[in-house]
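User: Could you go through this model with me, taking one arginine and then the contact between two chains?

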Number of protein chains: 2
Amino acid sequence: MRGVKFEVVAECPETRARAGLLHTPHGVIETPVFMPVGTQATVKGLSERDLDEDLGARILLANTYHLYIRPGHELIRKLGGLHRFMAWKNAILTDSGGFQVFSLSGLRKISEHGVVFQSHLDGSPHQFTPQSTVDVQLALGSDILMALDECPEYPVSHEYARESMQRTVRWARQADEHFRKRMEGSKTGHALFPIVQGSMFPDLRRECAQALVELDADGYAVGGLSVGEPRPLSLEMVEATEQILPSDRPRYAMGVGMPAELAEYVARGIDMMDCVLPSRNARNGYLFTSAGRIIIKHARYRDDERPIDEKCKCYTCTRYSRAYLRHLFQSGEILYAVLATRHNIRRYLDIMHGIRRAIIANSFADYLRCVRQASAEEAG
Amino acid sequence: MRGVKFEVVAECPETRARAGLLHTPHGVIETPVFMPVGTQATVKGLSERDLDEDLGARILLANTYHLYIRPGHELIRKLGGLHRFMAWKNAILTDSGGFQVFSLSGLRKISEHGVVFQSHLDGSPHQFTPQSTVDVQLALGSDILMALDECPEYPVSHEYARESMQRTVRWARQADEHFRKRMEGSKTGHALFPIVQGSMFPDLRRECAQALVELDADGYAVGGLSVGEPRPLSLEMVEATEQILPSDRPRYAMGVGMPAELAEYVARGIDMMDCVLPSRNARNGYLFTSAGRIIIKHARYRDDERPIDEKCKCYTCTRYSRAYLRHLFQSGEILYAVLATRHNIRRYLDIMHGIRRAIIANSFADYLRCVRQASAEEAG
């Protein structure tokens, strides 16, 4: 049994964009989809009702590393899994933990068997192996698991990138083998996506994708992006990879991107994305609107009675003014983060809905041109 | 025209408790009522929908001092008043600012004309007079204003307490006179409550109440409580005051109290209360339940699947476990404060509903005995 089933419902004739339906054990997800990030079993500041009923989010991402460290996957398993723990009835994707091990944790040592690292909270020693991260994610009860990968920093040499990528492929094979064993006789459906690495070298990305395709996985992720590289390189890596990945499986670009970039990834065949930007920027006072970015602390918003975005239908925009949000921000009020996050995530979801509608209406190429023009004007 | 109209609908034959209806320009409020505190134009972490629809709050308290300092009452007036600014359609009571001037601000100097003080934010100099605080509260558009008072620290000498109380009475007369002038020809209804002071001296409390009753105000507050005195003294001061205050006007005990004390104040004729305890304690990890207090960080809640309070119908309790809340608290997550505040305020409002039902059902004396017994058992 496949853990998730992907169905392409429309394709753009000019780009690689497609609209689809991703069937998971916790509901059907319209793609392309943006997944809000719920790092520690919570999208910061938002309740399940805010996310489900108000924002219409159908899938969240949670961080395996963070939940493994605190409160621990065994506790979450004991409490009925992550869905029950965080009262989330829709789908959950968990990352492999690899990215956090390489970006957050203290001393770490990579070997053929996995990675030994120190907790960023208390320095305690831990090990992730391709098998153990599958076990952790199954304990969490994730719908879509990620295979352990090494996420090299940027830049690295071609030599190191090749060595690292080949290890990631071997890890993916081990994770896949372990996952299939664990799934034998399992009553609940889960999917495991391997992650394409290869730093910023198109040949390595292609080699990696070719090797991973042999696993016949339910979906594929493109990782190692947003690690400090220039933005055109990220898109180039997706292009190098995408044509090799099977078109009947979902493709997930990890950790991207800015609002204007979402359509660029979709145009390159990406179906799923996640990013902390909408929530983190919200908390830092950066609000995304259909007319560009707002920095809420600016004095010009002091007496601005308009909502953040006059075209937005989110709870925040239907109730509150920029002036009120600025006051809350300046006062360090919790409600600011709550309302701002609600808006920014809605903005991302609205963009994805617009993209999907355009693909289905056969007008995505026009949509993309408009986004590029608006983006150029804002930059200019 | 009276700004608010009070209607007694039931009285306890054994105590001074009564149930009433307080008619305000922004809705009818069932009393006894607990007013959640929205210091800076927000009950920390809660949206207007959380407060109105989920919690059923019909009146909030906002702090004149804080809003005067930031963002400024003139800005709020320009933006259509506090109701519109914070998107709150129900009633608002504002305090006089006096308590904050005496507890928060830097160097301050009291004179016959008012109090000169420094902002706690930037040290800038300001003055509150009996007239100016009425003007500030009218700029905010408050339904129920408080007259400027001096809130002496505890303990003070009888001599100082008398001097201070007499000044508070003179200020209340000036505030009342100014308020009545401002109300001439006003199209919107507002009420001004004077505040009974007198430190912990029953004779001064009585003298103050007698003088203030002459103002024929829409309601009366008992201030200067919860300033560090032993709890029995606070109740004694209310007792000394209450019998002098007119029974057809609402009586408001400012800044009280713990859950088990609410019924004690009601038993002494109090109709309105406010306190930061439910919201502040929530943020600090102290949760109130029908079976006593929970300190959520305790290890015993690590794998506790039960809601905070199995008898509670609040959003938090219908969705989330103690284990999840403990995880959010330990992780410093914003959502913890949001969910915990929602529960604790609901607990206070539920207590008040229970008290009101008991008064109407003619069983308040029994209710009070049960509260006292449970409280004694918890303490023992």
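User: Which backbone oxygen lies 3.5 Å from a polar atom of the side chain of A:R347?
Analyst: That is the backbone oxygen of A:T289. This is a predicted model, in which local features need pLDDT of at least 70 and side-chain atom pairs count only at pLDDT 80 or more, while totals for chains, interfaces and linings use all residues. Side-chain values use heavy atoms, without hydrogens and water.

User: What about charge, where is the nearest side chain of opposite charge to A:R347?
Analyst: A:D309 is the nearest, 4.6 Å away, and A:R347, although buried (under 20% relative accessible area, 1.4 Å probe, protein chains only), has no salt bridge, a term that requires a side-chain nitrogen of Lys or Arg within 4 Å of a carboxyl oxygen of Asp or Glu.

User: And what does A:R347 touch?
Analyst: Leaving aside residues up to four places away in sequence, A:R347 touches A:F288, A:T289, A:S290 and A:D309, where contact means heavy atoms within 4.5 Å.

User: Switching to the interface, how many residues of chain A are in contact with chain B?
Analyst: There are 40 from chain A, in contact with 40 residues of chain B. The two chains bury about 3,700 Å² between them, 51% of it on carbon and sulfur atoms, this being the accessible area (1.4 Å probe) lost on being put together, summed over both.

User: Which residues of chain A lose the most area to chain B?
Analyst: A:R49, A:H327 and A:I334 do, together accounting for 16% of what that side buries.

User: How many salt bridges cross the interface?
Analyst: The rule finds 10 between chain A and chain B; B:K78 forms a salt bridge with A:D303, with the closest N and O atoms 2.5 Å apart.

Note on methods: Residues are numbered from 1 along each chain as its sequence is written. Chains are lettered from A and ligands numbered from 1 in the order in which they are written. Buried means under 20% relative accessible area, exposed over 50%, partly exposed in between (1.4 Å probe, protein chains only). Lys and Arg count as positive and Asp and Glu as negative; His and the chain ends are not counted. A polar contact is a pair of N or O atoms within 3.5 Å; within protein, one must be able to donate a hydrogen and the other to accept it, and residues adjacent in sequence count only if both atoms are side-chain atoms.
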